[in-house]
Amino acid sequence: MTAETASPDSAEEAPHAKETRGFQTEAKKLLKLMINSLYSNKEVFLRELISNASDAIDRLRFEALADESLIADDPDFRIVVDFDKEAGTVSVADNGVGMSRDDVVANLGTIAKSGTEEFFDRLTGEEQADSALIGQFGVGFYSSFIVAKEVEVLTRRAGEAAGTRWVSSGEEDFTVETVADVPRGTRVTLSLRGDATEFADGFRLRSVIRQYSDHVGIPVMMAKEGGDDGDEEAAPELETVNEAKALWTRSRTDISDDEYKAFYKHVSHDFEDPAVWSHNKVEGKLEYTSLLYVPKRAPFDLYNREAPRGLKLYVQRVFIMDEAEQFLPLYLRFIRGVVDSSDLPLNVSREILQSDERIRTIKNALTKRVLDMLGKMDADAYAEIWDEFGQVLKEGIGEDFANKDDVLGLLRFASTESADSAQRTSLKDYIGRMKEGADKVYYLIAESDAAARQSPHLEAFRARGIEVLLLSDRIDEWWMSFAGEFDGKTFQDVARGELDLGEPEAAEKEEDEKEVEDEEPLLKRFKDALGDQVESVRKSTRLTDSPACLVLGEHDMGIQMRRIMEATGQSAPESKPHLEVNLRHPLIGHLNREVDEDRFADLVAIIFDQASLAEGNTVAEPGKYVQRVNKLLLDLLS
């Protein structure tokens, strides 16, 4: 340390002495990092200074509970932001608790030393709970040097007579001196760098205040624009720039629906009203407030999983970040709103939320709240939400095991009981219609709803009056691999593996048609004709009207997953389908009597290709398929 007018020892004897002190070695390194690379946006300096001013006022409010004389001289709390375009300065002043000379040296001379944190350390018992409004001081003050070539702090501690001036360029050292006639609180004045003079502008400062500090609970004031400049000595008339009352901190009974809707449009930039919202305050060991909205329409980038998303994060009503993705899982990325907590693990710049058990606890609670909110929606209103966000909700089956059943309960499906895909059913309703003793939820995955409804795999189910869910979204095969069961019922793909459905209830047509005798030789002829195109040929229990169908093995990859992998440049594992033959079909009976092996092979190839087309696949050799069909037509015509 060097002194301009006094040594450290003589400073105690001369309280008004001016002295120069050096930053701590580690502080100088961190200060350089702070100035050059820690913050991503220059404008956050104003957010930090206003936040610190708000903290100082909250601290004084708390201390005044025990000693009202501390605020007797100026009981109306406020934060005043001012600028001088000609001088190139910006200042932020508050009438909060202020700092003594020792406080200034300790708090402004050492990076990451927080006066508020020390204040918390002195609190115990009920005082700790009563101080819930006091925020984190952090090291945000030093963000001033992002835009300032020099910073002056003029401050006076509440209850003390003398004030202190602190000045530094943010390099090697700072000066500190005791001064008289300083109002209670703190005034920080920034002499702006050449590349930051944009902030010496009323419109620019107001826009930053409204973006970052609109909901700070203290009025943030500025001189009125276009005021009377005739009397230069008259104090300028001030007006409040921020809202100064966070909507989410108010009681739900005091907020109208119109206010909720207006706030949604403010935070989401959506021109439509929200579909539904949930406002909740949690108190106890972990305290936070959330206001969550479900939009009516999906954003254009909904399916871009890498796009920025998340809730607006506030700490003590101070805006921290726009897209705090840590509070909701990715499949709920369409949810909008805010979360505000008094104590979250932010990094040194307040811009990055650090991983912590408290974050996970809040995330789990908010996720359940969103799922509950969606589950309680009116059926017609939820149908519209499902059309917009249904596909991303399905991602939750594979990504959120803890809430899998709740997500499954939100899914909606077309089924063989509905006339078209617009009529949807839930798993709960499906299970409610199941026959007594049934233990499986049957489903079919196809390329489209129309293809699913025409699938030969549904024939036996229709004959037996068994409902089948029809799935046609590209993600369906993926999430079904994680579904497992719901409400004690397992999921069964009707196009996979062998099925034992028992005898059909209505089978007049089947009773009129005799099954092919000596089935084993016929199935062997089929397999010999098809060779290694199929894994096996077997008798079908699925079919009533079609001659044959292709069936996947229990663990084979389906068409959807195979196409997704191919589209992403990955090679899908090879597998061969099983051909199931309807031995009651007349065409199969004729084939059994065919003695010309070449003609038999052509007909079997046509049946195989038709079964492939019915599954939504392409024919392996379209030219040969056309030749075989043309040959068959010529034989029939001749």
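## Glutamate 259 and its partner

Glutamate 259 is partly exposed, with a relative accessibility of 29%. In this predicted model, its side chain meets that of arginine 250 in a salt bridge, with an N to O distance of 3.2 Å. Arginine 250 is also classed as partly exposed, at 23% relative accessibility. This value places arginine 250 in the partly exposed class because the buried class is reserved for residues under 20%.

## Other salt bridges

The pair just described belongs to a wider set, for the count of salt bridges comes to 45. One of them joins aspartate 73 to arginine 184, and the closest N and O atoms of this pair are 2.9 Å apart. Aspartate 73 is found in the loop between α3 (44–64) and β2 (79–84), while arginine 184 is found in the loop between β6 and β7, so the bridge ties together parts of the chain that are 111 residues apart in sequence. The two partners differ in their surroundings: aspartate 73 is exposed, with a relative accessible area of 51%, whereas arginine 184 is buried, with a relative accessible area of 6%.

A further salt bridge is formed by the side chains of glutamate 594 and arginine 599, at 3.3 Å from N to O. Here glutamate 594 counts as buried, at 17% relative accessibility, and arginine 599 counts as partly exposed, at 29%. Salt bridges may also be linked to one another: Arg305, Arg333, Glu395 and Glu399 are connected in a network of them.

## A negative patch on the surface

Which residues form a negative surface patch? The patch consists of Asp378, Asp380, Glu384 and Asp387. One of these residues, glutamate 384, lies in helix α10, which covers residues 379–399. Glutamate 384 is partly exposed, with a relative accessible area of 47%. This residue can be part of the patch because its relative accessible area of 47% is over the 30% that patch residues must exceed.

## Two aspartates with positive phi

Most residues other than glycine have a negative phi. Aspartate 181 has a phi near 55 degrees, which is a positive value in a residue other than glycine. Its place is in the loop between β6 (173–179) and β7 (185–192). The loop between β6 and β7 also holds arginine 184, the partner of aspartate 73 described above. Is aspartate 181 buried or exposed? At 80% relative accessibility, aspartate 181 counts as exposed.

Aspartate 487 likewise has a positive phi, near 55 degrees, and is a residue other than glycine. This aspartate is placed in the loop between β18 (485–486) and β19 (489–493). With 57% relative accessibility, aspartate 487 is exposed.

## The chain as a whole

How many helices and strands does the protein chain have? The chain has 21 helices and 22 strands. It comprises 638 residues, of which buried residues make up 50%. The chain exposes about 31,500 Å², and carbon and sulfur atoms supply 47% of this area.

Contacts within the chain can be described by the separation of their residues in sequence. Among contacts between residues at least 6 apart in sequence, 71% join residues that are at least 24 apart. The salt bridge between aspartate 73 and arginine 184 offers an individual case of a link across the sequence, as it ties together parts that are 111 residues apart.

Methods: Residues numbered from 1 in each chain as written. Predicted model: local features only at pLDDT ≥ 70, side-chain atom pairs only at ≥ 80, totals over all residues. Heavy atoms only, no water. Patch = residues over 30% accessible without salt bridge, like charges linked within 9 Å, V, L, I, M, F, W, Y side chains within 5 Å. Areas by Shrake-Rupley, 256 points an atom, 1.4 Å probe, with all protein chains shown as cover. Salt bridge = Lys/Arg side-chain N within 4 Å of Asp/Glu carboxyl O. Lys, Arg positive; Asp, Glu negative; His and termini not counted. Charge placed at Lys NZ, Arg CZ, Asp CG, Glu CD. Helix = DSSP H or I, 4+ residues; strand = E, 2+ residues; numbered from the N terminus. Buried < 20%, exposed > 50% of the residue type's maximum accessible area, 1.4 Å probe, protein only. Contact = heavy atoms within 4.5 Å.
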